[in-house]
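Thank you all for coming. I would like to walk you through one structure this morning, beginning with its charged pairs and then turning to its empty spaces.

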Amino acid sequence: MTDLTEVSQLLNKASEDPVLRTALDRAIASYWKKRKQVMERYPYVKELADEVRKIKEWSIDHMDELLGQAMDSVERRGGSAYVAKTAEDARRIVDELVGTGKIITKAKSMTTEELKLREFLIERGNEVYETDLGEFLVQFLGPKPMHFISPSIHLTREKVAEFLREFLGVEVDKDDIEGMVAQVRRFLRDKYFNADVGISGANVFAADRGAVFLIENESNIRLSISLPPKYIAVVGMEKIVPTMGDAWKVVEVISRYGGYKVTSYVNTVMGPAKVGKGDIGPEEYHVIFLDNGRREASKDPILKQTLYCLRCGACQYLCPVFGIVGGYWAGLNSAYSGGIGVMWEYITGDKETATQHAFACLLCGRCMEACPMRINQPEVLREIRRRFMAEI
Ligand code: SF4
């Protein structure tokens, strides 16, 4: 728990950080340029977003029914399905599947950040490598993922070049982004081939086929989850939609509102490798469906909007508060950031800390203009404040 003084000190300090300001200014400007191009090229995506909103509304209202279907589909296709009621349950299930002394390659996932899974697995005596470049930087430079899509949004290329020079012992040019990516890829290559377990989250999950969908640009996810013999997906229950067709629509909306004209890869996994050991694909497919407050939120008429969130990150780029303090908003102990991050923290984490951070919102509503799901963040954050005031 934190108090309001601590929250204002944290946010004031962040607002005075010149490196953070430079990094945020660059990232926000770049996003809006890309988003404008994307919306011009794919004008139909707004209508598609409305359709996805309806799919999400139906799915959240039928969460338990879809969960049952999703678990049956996973088992039918030779995988194993689990339900974790709490973060602790999820960590215990992963622990039983992984054990100790293992090498683990991990895809970027906010849901596993919510579980503090990397830290947990390292504490249990495993080697864990984040394989998304941004998340890899966060693993070593901290303090936490600062944006849904761009976890290292707070780091300038100058800072990254300095880190890579020290960490990898190689000379890199701060303006050569591709060169920096190549160095990290080189470092990770043997980790993929030697990994015992691959872990990911999910962008969306199709109940009818038991299929995880994962969007990426670096091809790190397909290496992380297909080369190791065991694959574990941690799926927030709000990610389940009825069909493959619905899931593809969600994929397109996330990609476009995330600012991508084209995403390089969309991975779908529907089960273990079929032909035999050593074939491309994991021998074991485990899916852990995570509740951790989601079921309760789905029954709350105001909070349930949070579960429609696709985690595209668009609202974070448009928010005037996020533009100044970045991912510090929602707190350093929260996996999540920004106004939507405060809402996720309230549902899945520390309600009191989330409540304190809810008071930082200006209630201006710009986030709603950016959001494909038209989530009314001011309404939810105002309600969180109201519930707090009603109790004192
Ligand atoms: S609230 Fe909307 S804009 Fe923000 S991350 Fe979620 S879906 Fe994207």
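Let me begin with a question: is lysine 249 buried, partly exposed or exposed? At 28% relative accessibility, lysine 249 is partly exposed, where buried means under 20% relative accessible area, exposed means over 50%, and partly exposed lies in between, with a 1.4 Å probe and protein chains only. Before going further, I should say that this is a predicted model, in which local features need pLDDT of at least 70 and side-chain atom pairs count only at pLDDT 80 or more, while totals for chains, interfaces and linings use all residues. Residues are numbered from 1 along each chain as its sequence is written, and side-chain values use heavy atoms, with hydrogens and water left out.

Lysine 249 has a partner, glutamate 51, and the two form a salt bridge whose closest N and O atoms are 2.6 Å apart; by salt bridge I mean a side-chain nitrogen of Lys or Arg within 4 Å of a carboxyl oxygen of Asp or Glu. Because glutamate 51 lies in helix α3 (residues 45–61) and lysine 249 in helix α12, the pair ties together parts that are 198 residues apart in sequence. The helices and strands I mention are DSSP runs, numbered from the N terminus, with H or I over at least four residues for a helix and E over at least two for a strand. Glutamate 51 is also partly exposed, at 35% relative accessibility.

A second salt bridge joins arginine 294 to glutamate 238, again with 2.6 Å between the closest N and O atoms. This pair links distant parts of the chain, since arginine 294 is in helix α13 (residues 294–298) and glutamate 238 in the loop between β7 (230–236) and β8, 56 residues apart. Here arginine 294 is buried, at 0% relative accessible area, and glutamate 238 is likewise buried, at 0%.

In a further salt bridge, aspartate 291 meets arginine 295 at 3.5 Å, N to O; aspartate 291 is buried at 2%, whereas arginine 295 is partly exposed at 23%. There is also a network of salt bridges linking Lys106, Glu113, Arg118, Glu119, Glu130 and Glu135, and the count of salt bridges comes to 28.

Now to the empty spaces. On a 1 Å grid over the protein atoms alone, a cavity is a set of points where a 1.4 Å probe fits but cannot get out, and a pocket is an open set with protein on both sides within 12 Å along at least five of seven lines, lining residues being those with an atom within 4 Å of a point. The largest pocket holds about 1400 Å³ of space, and of its 45 lining residues, Ile149, Ser150, Pro151, Ser152 and Tyr260 are the closest to its centre. Helix α2 gives the most to that lining, with six residues.

The whole structure has three cavities of 30 Å³ or more. The largest cavity holds about 130 Å³, and its 19 lining residues include Cys319, Trp329, Gly339, Cys367 and Gln377, the closest to its centre. The second largest cavity holds about 80 Å³ and is lined by 13 residues, with Cys309, Leu310, Cys312, Cys315 and Cys371 nearest its centre.

How values were computed: Grid points are joined across faces, edges and corners, and a volume is the space filled by probe spheres set on the points.
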